Amino acid sequence: MDAWMVHEIDAIDLFCGAGGLTRGLLDAGINVLGGVDCDPACRYPYEKNNRIRFIEANIEDVHPDELRAMYDNGRVRLLAGCAPCQPFSKYSQGRDLSQDGKWGLLYHFSKLVKALQPDLITMENVPEVVRHSVFDDFVGDLRKRGYHVHYQVMDCRLFGLPQSRQRMVLMASRLGEIRVPEPTHNVASFRTVRDVIGDLPPLKAGEQNSRDRLHVCSRLSELNLRRIRQSVPGGSWKDWDPELIANCHQSERGRTYRSVYGRMSWDEPAPTMTTQCFGFGNGRFGHPQQDRAISLREAAIFQSFPPEYEFVHPDSPVHMKAVGRLIGNAVPVTLGRAIGKTLIEHVCLTSSQICQSYASQCPKPLAAEHS
Ligand SMILES: C[S@@+](CC[C@H](N)C(=O)[O-])C[C@H]1O[C@@H](n2cnc3c(N)ncnc32)[C@H](O)[C@@H]1O
């Protein structure tokens, strides 16, 4: 690479969703040029909060030339992407996924890499992805094309996320050796449920806060209200009177399934946010104290979206399912920021000249600076 280029990083975010990864990269100082996603519900949050172009398209239909035209020659080009994880998640193990259309999306990512030849690549997915041949093919292809590749399962709590979430992060570079981010936190400094939602206004089940439409939680049936009143933080349906326990949990198989209908603990990180995290029966998604499931705002905060991040146009209703999907699917902003910072440090370490805007993040003394 020409030593006199200004090495700022330009990124395109494939499968950008509502913008969790994009927001993290932006926070780190990366210039995100646009995001691509086929779900029209992503447009409003993506554009409104990040002021970046949203391309509504199926990745399979995007012509590489359209993306190539967005990159500015002379800058470091990053292709970021978080292909949908459903085909790889542990909930789909054992199912025949060969017919699943999403299965091939990583191959499509590879095709875009081949066509665009970005300098840097980052990809995030569920840890189980590494057990599948599609992942081996993806990595093999990158290495064949001359990329240095490193990937690792990352515990998001070690990066300051107030949520227990394991994610496989892959980073690849044509500029030199690269490694995934190093943890910034330890068990003693884990952020907790209390740290991040302890001050939010209280809600009753089914209520919506008048100032923040996203601080809204699901209604509970009379039976589920009785159940949550008997739920203890960190516990499960095992804590209830026998007549409240669902038939499916009384069977031999159901008895082992304990991590549903639980309350969170104030002094621990939240459990993994899913697309269904607004439902009391869908996991340990009960509020630690109030008799309700967590609100969408609380879920977004556990995913480290800024408290003012908007997901729905002010004139549109807030649909729990639609917004829950955007939030549960997101790459936590905190993780995106850690990835972005690592990429900037990597560019600083592998380039002889760096631009002034990255100077404060450069881990080595600056030889010369551009402005
Ligand atoms: C795991 S989510 C990505 C989350 C996003 N990176 C974020 O941080 O908010 C996967 C996304 O892929 C999108 N998607 C699924 N199939 C797609 C396709 N064929 N083309 C484009 N986007 C697709 C989904 O709509 C979803 O938003």
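Me: In this predicted model, which residue of β4 is the bridge partner of D13?
Reply: A80. D13 belongs to a strand pair, β1 (residues 9-14) with β4 (residues 76-81).

Me: What makes β1 and β4 a pair?
Reply: The bridge count. Pairing takes at least two bridges. Six bridges join β1 to β4, so the two strands pair. They run parallel.

Me: Where do β1 and β4 sit in the sheet order?
Reply: The order is β3-β2-β1-β4-β5-β7-β6. Seven strands form this open sheet, and the pairing is mixed.

Me: Why are β3 and β6 called edge strands?
Reply: Because each pairs on one side only. β3 spans 53-56 and β6 spans 148-155. From one strand to the next, the twist averages 15 degrees.

Me: Why is Q117 called partly exposed?
Reply: Count its C-beta neighbours. Q117 has 15 inside 10 Å. Buried needs 20 or more, exposed 12 or fewer. The value of 15 lies in between, so Q117 counts as partly exposed.

Me: Where is Q117 found?
Reply: In the loop between α4 (105-116) and β5 (120-125). R68 is 49 residues apart from Q117 along the chain, yet their C-alpha atoms are separated by 9.5 Å.

Me: How do you know that α4 and α5 are roughly parallel?
Reply: From the angle. α4 and α5 (residues 133-144) pack at about 10 degrees. Angles under 35 degrees count as roughly parallel, so the label follows for α4 and α5. Their axes are 9 Å apart.

Me: Which residues make that contact?
Reply: α4 supplies L106, Y107, F109, S110 and V113. α5 supplies V134, F138, D141 and L142. By class, they divide into seven nonpolar, one polar and one charged.

Me: What makes S110 the polar one and D141 the charged one?
Reply: The class lists. Asp counts as charged, so D141 is the charged residue of this contact. Ser is on neither the nonpolar nor the charged list, so S110 counts as polar.

Me: Which residues of α10 are buried?
Reply: In α10 (residues 320-329), V323, G324, L326, I327 and N329 are buried. They pack against α2 (43-50) and α9 (296-302).

Me: Which residues come nearest to the ligand?
Reply: F15, G17, G20, D39 and A330, of the 22 residues around the ligand. The shell has 13 nonpolar, five polar and four charged residues.

Me: Why do G17 and G20 count as polar?
Reply: Because Gly is placed among the polar residues in this classification.

Definitions and conventions:
Residues numbered from 1 in each chain as written. Predicted model: local features only at pLDDT ≥ 70, side-chain atom pairs only at ≥ 80, totals over all residues. Helix = DSSP H or I, 4+ residues; strand = E, 2+ residues; numbered from the N terminus. Axes fitted to C-alpha atoms, helices over the stretch in contact; angles between N-to-C directions. Parallel < 35°, antiparallel > 145°, perpendicular 65-115°, else oblique. Contact = placed C-beta atoms within 7 Å. Near = placed C-beta within 6 Å.
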